[in-house]
Amino acid sequence: MPRARDGTPPNKISTPRKRVFFALAAGGLLLLGLAVGIAWFLSARRPPALARYWVVGLETAAGLFLVFLILGLAGLIRVALTGKLPAFFRRPSLLAGSILLPIARFSGRLFGLSRELIEGSFIEVHNRLVLASVTRKLPRRILVLLPHCLQWIKCPFKITIDLENCGRCRKCDIYQLIEVQHDLGVKFHVATGGGQARRLLADFRPEAVVAVACERELAEGIQDVNKIPVVAVPNERPEGYCRNTRVDPGAIRAALGLLMGVPPSAGNGDTPDQVTPRQEADTASCT
Ligand code: SF4
């Protein structure tokens, strides 16, 4: 069985980064549940006047919403454990992921955890969910979005127009990404910012997206385009944000292979766990 870089087999919830999101989301839901329970108990002790019926209605709606989120979280945990998403959990899990992220961020702040760690954990869970949910109907139009900062900062070639303009000097990962593009027959696009990424989405109308960026942009992008499955590949930032960033071409190959239903080649062993950065990111920010 293929193993992740830290030696743990795939489909194990014990992978530290996935566990972070689950623990924070569950803790946040517990706090919300307690608040709703206390409010409901206090208002139920005294028979509400007619004007206060809306309070009870709101509390009931909040309770039902919490049940929905708990179902979604259960589906996400199931996907992380087994790689499978039963139909019963499909809708709650697909909706709950993005709703639980701000709850996990809030819980994480209470424990002093970095936003990057929480968003990285969310991305790992989200990738599992997407890859489990596309297996029934494989997408035909896949958009691969790369950030411009992957290109070596002093490179004179205009790869934003076409990746093929790369001079193959091997100073950045672009030349390896061209190989992946050729091998799998999917054209890669370089976006210089969020506006261009949105234009590409509107023009291309993809059925699935593979996106490379920092954790923050990926998490925001996933929430923005919640109707399109997005497999997110965090970049590596040896020189900080937005400058000479790197990406593991094997992670993009693995993500595309899984979306396209390409069987893993011998020694390649594509698994959702491969759709992760090669190393821990640094903590600087350019925003
Ligand atoms: S590999 Fe291509 S894109 Fe990267 S620096 Fe060299 S010529 Fe430029």
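The following exercises, each with a worked solution, concern a predicted model of a protein.

**Exercise 1. Overall composition**

Determine how many helices and strands the protein has, and in what order its elements run.

Solution. Step 1: the protein has 8 helices and 4 strands. Step 2: read from the N terminus, the elements run α-α-α-α-β-α-β-α-β-α-β-α. Step 3: of the 287 residues, 37% count as buried. Step 4: for contacts between residues at least 6 apart in sequence, 65% join residues at least 24 apart.

**Exercise 2. The sheet**

State the strand order of the sheet and identify its edge strands.

Solution. Step 1: the 4 strands form an open sheet in the order β2-β1-β3-β4, and the pairing is parallel. In general terms, strands of a sheet pair through backbone hydrogen bonds, either parallel or antiparallel. Step 2: β2 (188-191) and β4 (230-234) each pair on one side only, and these are the edge strands. Step 3: from one strand to the next, the twist averages 20°.

Step 4 takes the pairs in turn. β1 and β2 run parallel and are joined by 4 bridges; within this pair, histidine 189 in β2 is the bridge partner of leucine 145. β1 and β3 also run parallel, with 4 bridges between them, and valine 144 has valine 210 in β3 as its bridge partner. Strand β3 (residues 208-213) pairs with β4 in the parallel sense over 5 bridges, where valine 209 stands opposite valine 230 in β4.

**Exercise 3. Strand β1 and its surroundings**

Describe how β1 is covered, and which way its residues point.

Solution. Step 1: β1 is mostly covered, since 6 of its 6 residues are buried, and a residue is buried if 20 or more other C-beta atoms lie within 10 Å of its own. Step 2: in a regular strand the side chains alternate between the two faces of the sheet. Step 3: Ile142, Val144 and Leu146 point one way from β1, while Leu143, Leu145 and Pro147 point the other way, and all are buried. Step 4: helix α6 (residues 194-204) lies across β1 (142-147) and β2, and runs at about 165° to β1.

**Exercise 4. Two helix pairs**

Classify the packing of α5 with α8 and of α2 with α4 by the angle of each pair.

Solution. Two packed helices are described by the angle between their axes and the distance between the axes.

Step 1: helix α5 (residues 174-184) packs with helix α8 (residues 249-260) at an angle of about 20°, their axes being 9 Å apart. Angles under 35 degrees count as roughly parallel, so α5 is roughly parallel to α8. Step 2: the crossing of α5 past α8 is right-handed. Step 3: on the α5 side, Gln176, Leu177, Val180 and Leu184 meet Pro249, Ile252, Arg253, Leu256 and Met260 in α8. By class, the residues of this contact are 7 nonpolar, 1 polar and 1 charged.

Step 4: helix α2 (residues 53-82) and helix α4 (residues 115-133) have axes that come within 9 Å and cross at roughly 80°. Angles of 65 to 115 degrees count as roughly perpendicular, and α2 and α4 are therefore roughly perpendicular to each other. Step 5: Leu76, Val79 and Ala80 in α2 meet Val125, Arg128, Leu129 and Ala132 in α4. The contact of α2 with α4 has 6 nonpolar, no polar and 1 charged residues.

**Exercise 5. Burial in helix α7**

Identify the buried residues of α7, then the elements against which these residues pack.

Solution. Step 1: in helix α7 (residues 215-224), the buried residues are Glu215, Glu217, Leu218, Ala219, Gly221 and Ile222. Step 2: these buried residues pack against α3 (87-110), α4, β3 and β4.

**Exercise 6. Positive phi values**

Locate arginine 170 and asparagine 244, and establish whether each is exposed or partly exposed.

Solution. Step 1: most residues other than glycine have a negative phi. Step 2: arginine 170, although not a glycine, has a positive phi of about 75°. Arginine 170 lies in the loop between β1 and α5. With 11 other C-beta atoms within 10 Å, arginine 170 is exposed, the cut-off for exposed being 12 or fewer. Step 3: asparagine 244 has a positive phi near 45°, and its place is in the loop between β4 and α8. With 18 other C-beta atoms within 10 Å, asparagine 244 is partly exposed.

Key: Residues are numbered from 1 along each chain as its sequence is written. This is a predicted model: local features need pLDDT of at least 70, side-chain atom pairs count only at pLDDT 80 or more; totals for chains, interfaces and linings use all residues. Axes are lines fitted to C-alpha atoms, for helices over the stretch in contact, and angles run from 0 to 180 degrees between N-to-C directions. Angles under 35 degrees count as roughly parallel, over 145 as roughly antiparallel, 65 to 115 as roughly perpendicular and the rest as oblique. A crossing is left-handed if the near helix is turned anticlockwise from the far one by less than a right angle, and right-handed if clockwise. Two residues are in contact if their C-beta atoms, placed from the backbone, lie within 7 Å. Ala, Val, Leu, Ile, Met, Phe, Trp, Tyr, Cys and Pro count as nonpolar, Asp, Glu, Lys and Arg as charged, and the others, Gly among them, as polar. Two strands pair if DSSP finds at least two bridges between them.
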